[in-house]
Each structure stands twice: as structure tokens, then as C-alpha cells.
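Let's take a walk through this structure together. Have the sequence and the 3D view open, and follow along from the outside in.

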Amino acid sequence: MNKNVLLVGESWITTANHYKGWDTFSSATFHLGAEPLVKALKGSAFNLTYMPAHEAASGFPFALEGLSSYDAIILSDIGSNTLLLPPDVWLHGKTVPNRLKLIRDWTAAGGGLLM
């Protein structure tokens, strides 16, 4: 029987400042660190849904029903503020459900959590 797994995070942006004598410039690169795992699980008994960190801020569910289709959640290289401060909170000052408590409740009800 296949298991539905949600992988959240494991993506990041790296910025750097480069100094070459008197000259300086900045650069930024985007990384999807989960790609080897995504590739390894393709066609396996695990149906993996990958939600990069920047998508999780808005895309991670706000209610238990949104997590009910998953057997396990993997949180990897994602800070708690990504889930606690979605755009509605950070940009608009609105109140939303605490998604860390949501994960706690989902896990207490039998969901598997890996960090």
C-alpha cells in the first residue's frame, strides 16, 4: 500500500557579496535541495508531494482537513516563522491558525512527523 508523504522545505536562496579589489558585487542563487530525494522516491511506495519553503508560507494547510490525505510530513530546512508568519500575518496583520499547533494535533491523531 502506498504512503502519501508531504515534504516541506529543503529549498533556499543563498546571497553573497564578492569583493575584487575596489569592485564589489552581490549575487543570489536558488537551491532545491530535495531533488535527490524526490528522484529516489519516484515510482516507489511513497507518493511524495514536495512543497519548497517559499511555497509553504502560503501553501501549507491551515486546517486538519488539508493534512488528512498525508500519512507523513517531513519538515526539512524550514524555519518555524515560515509557517507562523504567512503573508496574511506578515504583510496584512491578520490572525490565522497556528500551523505548528496544527502539526501537533495532526501528529497526536496518528500522523507521522519527521524533522
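A good place to begin is I13, which is found in strand 2. Keep in mind that you're looking at a predicted model. Is I13 buried or exposed? At 60% relative accessibility it counts as exposed, because the cut-off for that label is over 50%. I13 also has company out there: together with F30 and L32 it forms a nonpolar patch on the surface, and the accessible area of the three adds up to about 300 Å².

Now follow the strand itself. Strand 2 covers residues 11-20, and it pairs with strand 3, residues 23-32, in the antiparallel sense. The pairing runs over 10 bridges. If you want a spot to check the register, find T14 and look across: T29 in strand 3 stands opposite. These two strands make a hairpin with 2 residues between them, and there G21 takes a positive phi near 65°.

Glycine isn't the end of that story. E10 isn't a glycine, yet its phi is positive too, about 50°. You'll find E10 in the loop between strand 1 and strand 2. D77 is another non-glycine residue with a positive phi of about 50°, and its place is the loop between strand 5 and helix 4 (80-84). Which of the labels, buried or exposed, fits E10? With 15% relative accessibility, E10 counts as buried, since that label applies under 20%. D77, at 56%, counts as exposed because it passes the 50% mark.

Time to head inside. In soluble globular proteins, nonpolar side chains tend to be buried together. Here the largest nonpolar core has 15 residues, and the members that touch the most others are L6, V8, F60, L67 and I73. Where does this core draw its residues from? Strand 1 (3-9), helix 2 (53-59), strand 5 (72-76) and helix 6 (99-108) each supply at least two. Helix 6 gives the largest share, with 3 residues.

Zoom in on V8 for a closer look. Leaving aside residues up to four places away in sequence, V8 touches M51, A56, F60, I73, I74, L75, S76 and I78. There's also a second, separate core of 5 residues, and V5, L7, Y50 and I74 are among them. As a last stop, look at I74 again: this member of the second core is also one of the residues that V8 touches.

Note on methods. Residues are numbered from 1 along each chain as its sequence is written. This is a predicted model: local features need pLDDT of at least 70, side-chain atom pairs count only at pLDDT 80 or more; totals for chains, interfaces and linings use all residues. Side-chain values use heavy atoms; hydrogens and water are left out. A nonpolar core is a set of buried Ala, Val, Leu, Ile, Met, Phe, Trp, Tyr and Cys residues joined through side-chain atoms within 4.5 Å. Buried means under 20% relative accessible area, exposed over 50%, partly exposed in between (1.4 Å probe, protein chains only). Helices (H or I, at least four residues) and strands (E, at least two) are DSSP runs, numbered from the N terminus. Contact means heavy atoms within 4.5 Å. Two strands pair if DSSP finds at least two bridges between them. Patches are made of residues with over 30% relative accessible area and no salt bridge: like charges are joined within 9 Å, nonpolar side chains (Val, Leu, Ile, Met, Phe, Trp, Tyr) within 5 Å. Accessible areas come from the Shrake-Rupley method with a 1.4 Å probe; for residues, only the protein chains shown count as cover. A salt bridge is a side-chain nitrogen of Lys or Arg within 4 Å of a carboxyl oxygen of Asp or Glu.
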